[in-house]
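User: Could you take me through one part of this model in close detail? I would like to look at a single sheet and then see how it sits in the rest of its chain.

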Amino acid sequence: MAKFKMQTYQNLVKDSGGATKENLFCLLGKVQDKFGYVPKEVVRDLAAKTGVAEARIYGALTSYGHFKVKLEA
Amino acid sequence: MKEKKVLTGRVGKYKPLDLEAYKALGGLQALARALAMGPESVIEEIKRAGLSGRGGAGFPTALKWASAAKVQSASGGPKYFICNADEGELGTFKDKVLLDGDPWAVLEGIVIAAYAIGAEQAYIYIKGEYEETAKLWDKLADEAKKAGLLGEGVLGSKFSVSLNVVRGRGPYIAGEEFALIASLEARRPMSRLKPPYPTEEGLFGKPTVVNNVETIANVPVILAGGAEEYRKLGVKDDPGTRLFSLSGDVKKPGVYEIEMGSGTLQELISELGQGTRNGRPIKAVQPGGGTSAFLGRDSLGCKLTAKAISKAGSSIGTAGVIVYQEGKSAVDIVKGLLKFYGAESCGRCAPCRIGVVRMKEIVDTLSRREGSADDLMQLRQIGKVSVAMATCGMGQAFPLPVLSALELFPKDFETLIQKVP
């Protein structure tokens, strides 16, 4: 699992052809697989880029067993 | 009783990514034929073959396709096709065999289905636990693009389609079609009321068809050999074969492909499954996954068709046959099931959200020997309310094993009831 870096995340977004409502679920999945969790900064950035409210993304993330919002020791 | 390998015939015969080997085994003929005959004729052929969904509900596939194809995108808006590979039902593991063993056939089916309904974007939603399968499909999608099966102009035709491989992220309910759609939209996986059906308003509000993997694997078989040839398999109102996932207390669990109506439940368990694990008699069987009603020993002579199994009092569902041998209390069995469904209820509607928790509490009370006859009545009532009132298939089905256990094994429950002194 890679340590979270904003740059690595930005590259992930670029490789996926940008962040849109359509690929939001896949993108969150890629972030989870890469860093082992979905950091707050990512949720904020994706909310700004896709127009989906931060609370909605957070609400969705926490309802899936395989998504984590904090790095677990 | 013998297996009839129609869908699983190629499993293990070629390396999963080897397209040439798949072609040599007769692959891609169906797609070529479909592209030559046009979308309407493809749907007509599926209709004549009488294919019904293999994901649990058993809805006629051609009907679903036709209603999505009918919605002419007047606005020029997109349509979507989703292959549901989020196989979450308890005791069901048949789709994995096809996804790993004959992935090209599933892909061929996806392309044909997308072509028939006019979708340019297809998704395959793979259960998160099947990580190796998802990795294989990532590579498969790349290979297919290179070979001209996906992308602009499929096999030199005017039809274009792309495929997104999506990984599920855990929840059981995401296998339900509305919850799956919500999940792809990055929302909480929850079902909703219908209509509108997904074929009218599905993914991102556009017409969407969701089909199970096994359903899709049937499509190339039908188109390659023709509907009449397919009809020769199985019985009149239930043609074809089905993949039965046999598990529980049997000596040889596994996935067995069986021609519809060619044998009985008893034969499946005693011949292919080689009987119960300790040679004890069978106590009960769930023939259609964890949410199907129990069948007692007396009902095991029923034929393996959807009709015969529902006549016996259960349903064929996902064809996940779970066998329980004598020596287990029905109370313990339903306790385990309720624990699972309690954790997985999405919370969308009260009958399921509250009902499953209350039912579990009652069963827990009973197994602590603190229950009363009144509790049994409550258990029945709450279960019946959820069957009648819940929004989605899960809420309508999870009480069925409990209700049938109360019918079939009342003694198991009654012995735990405290006697009033």
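Here is the part I have in mind, followed by a walk through it. In the five-stranded open sheet of chain B, what is the order of the strands, and which strands lie at the edges?

Analyst: Happy to. Please keep in mind throughout that this is a predicted model.

Let's begin with the layout of the sheet. Reading across it, the strands of chain B come in the order β8-β7-β11-β9-β10, and the sheet is open with mixed pairing. The edges are β8 (254-259) and β10 (295-296) of chain B, each of which pairs on one side only. As a general reminder, strands in a sheet pair through backbone hydrogen bonds, in either the parallel or the antiparallel sense.

Both senses turn up here, and it helps to follow them strand by strand. Strand β7 of chain B (residues 241-248) pairs with β11 of chain B (residues 320-325) in the parallel sense, over four bridges. To find this pairing on screen, go to Ser245(B), whose bridge partner in β11(B) is Gly320(B). On to the next pair: β11(B) and β9(B) are joined by four bridges too, but in the antiparallel sense. A good landmark there is Ile282(B), which has Gln325(B) of β11(B) as its bridge partner. From β9 of chain B (residues 282-286), two bridges lead to β10(B), and these strands run antiparallel. In that pairing, Ala284(B) is matched with Gly296(B) of β10(B).

Now for the setting of the sheet. Chain B is divided into domain 1 (19-231), domain 2 (235-325) and domain 3 (330-414). The C-alpha centres of domain 2 and domain 3 of chain B are 23 Å apart. Each of these two domains of chain B puts 10 residues into the contact between them. On the side of domain 2 of chain B that touches domain 3, four residues are nonpolar, six are polar and none is charged.

Stepping back to the chain as a whole, chain B has 18 helices and 11 strands. Its radius of gyration is 22 Å, close to the 22 Å that the globule rule gives for 421 residues, so chain B is as compact as a globular protein of that length. The C-alpha trace of chain B spans about 80 × 45 × 35 Å along its principal axes. Of the 421 residues in chain B, 54% count as buried. Among contacts in chain B between residues at least 6 apart in sequence, 72% link residues at least 24 apart.

The interior is worth a visit too. The largest nonpolar core holds 151 residues, and Ile110(B), Ile112(B) and Ile124(B) have the most contacts inside it. Helix α6 of chain B (residues 103-117) gives the most to this core, with 12 residues. Beyond its neighbours within four places in sequence, Ile110(B) is in contact with Phe81(B), Cys83(B), Ala122(B), Ile124(B), Leu163(B) and Ile216(B).

Finally, a look at the partner chain. The contact between the chains takes 13 residues from chain B and 14 residues from chain A. On the chain B side, the elements that give two or more residues are β3 (162-167) and α8 (177-184). Of the elements of chain B, β3(B) gives the most to the side that touches chain A, with three residues. By class, that side of chain B has five nonpolar, four polar and four charged residues.

How values were computed: Residues are numbered from 1 along each chain as its sequence is written. Chains are lettered from A and ligands numbered from 1 in the order in which they are written. This is a predicted model: local features need pLDDT of at least 70, side-chain atom pairs count only at pLDDT 80 or more; totals for chains, interfaces and linings use all residues. Two strands pair if DSSP finds at least two bridges between them. Two residues are in contact if their C-beta atoms, placed from the backbone, lie within 7 Å. Ala, Val, Leu, Ile, Met, Phe, Trp, Tyr, Cys and Pro count as nonpolar, Asp, Glu, Lys and Arg as charged, and the others, Gly among them, as polar. Domain bounds come from an automatic or database domain assignment. The radius of gyration is taken over C-alpha atoms; the globule rule is 2.2 Å times the number of residues to the power 0.38. A residue is buried if 20 or more other C-beta atoms lie within 10 Å of its own, exposed if 12 or fewer, and partly exposed in between; C-beta atoms are placed from the backbone. A nonpolar core is a set of buried Ala, Val, Leu, Ile, Met, Phe, Trp, Tyr and Cys residues joined through C-beta atoms within 7 Å.
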